[in-house]
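Reader: I am in my first year and would like a close look at a single part of this protein. Could you take me slowly through its core and what surrounds it?

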Amino acid sequence: MANDSAYDLIDFPCHFPIKVIGEVSENFTTIIISIIQTHSKAFDASAVEMKGSSQGKYISLTCNVFVKSKDQLDKIYIDLSKHPLTKFVL
């Protein structure tokens with residue numbers, strides 16, 4: 001993820017918004033939720049905000065995840081980023 005100085009601004013534990021952008025796919029949302037839930041069992045999938053692109057090719061998911069540490073947040077970003085359906089993780 002970002003350099004360590006960015007983490008100085010985050011007080012853990014906290015709710016942290018993660019935006020995941022990928023191509024529209026039947027399973028994209030389910031896969032992203034599943035990845036997050038492997039790291040944060042209490043993640044509330046009903047709170048995911050979805051927005052499609054103007055041409056309908058991409059979808060962005062904003063996921064408010066309760067994270068307890070920098071390490072946990074890093075692992076979530078790494079797993080989301082390496083999935084083939086994911087284009088960007090912000």
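Author: What follows begins with the whole chain and then turns to the core and to some single residues.

This is a predicted model, in which local features need pLDDT of at least 70 and side-chain atom pairs count only at pLDDT 80 or more, while totals for chains, interfaces and linings use all residues. Residues are numbered from 1 along each chain as its sequence is written, and side-chain values use heavy atoms, with hydrogens and water left out.

The chain holds 3 helices and 4 strands, and along the sequence they come in the pattern α-β-α-β-β-α-β; here helices (H or I, at least four residues) and strands (E, at least two) are DSSP runs, numbered from the N terminus. The radius of gyration of the chain is 13 Å, which agrees with the value near 12 Å that a compact globule of 90 residues would have; this radius is taken over C-alpha atoms, and the globule rule is 2.2 Å times the number of residues to the power 0.38.

Of the 90 residues, 33% count as buried, where buried means under 20% relative accessible area, exposed over 50%, and partly exposed in between, with a 1.4 Å probe and protein chains only. The largest nonpolar core has 22 residues, and those with the most contacts inside it are Phe16, Ile18, Ile32, Ile36, Cys63, Val65 and Leu80. To this core β1 (14-23), α2 (28-39), β3 (58-67) and α3 (70-82) each supply at least two residues. A nonpolar core is a set of buried Ala, Val, Leu, Ile, Met, Phe, Trp, Tyr and Cys residues joined through side-chain atoms within 4.5 Å.

Take Phe16 as a way into this core: leaving aside neighbours within four places in sequence, Phe16 is in contact (heavy atoms within 4.5 Å) with Ile10, Cys63, Asn64, Val65, Val67, Leu73 and Tyr77.

Phe66, by comparison, is found in strand β3, and counts as partly exposed because its relative accessibility is 34%. Not counting residues up to four places away in sequence, Phe66 touches Pro13, Cys14, His15, Ser40 and Gln72. The C-alpha atoms of Phe66 and His15 are separated by 4.2 Å, although these residues are 51 residues apart along the chain.

Finally, Ser25 sits in the loop between β1 and α2 and is partly exposed, with a relative accessible area of 30%. The C-alpha atoms of Ser25 and Lys57 are 9.0 Å from each other, with the two residues 32 residues apart along the chain.
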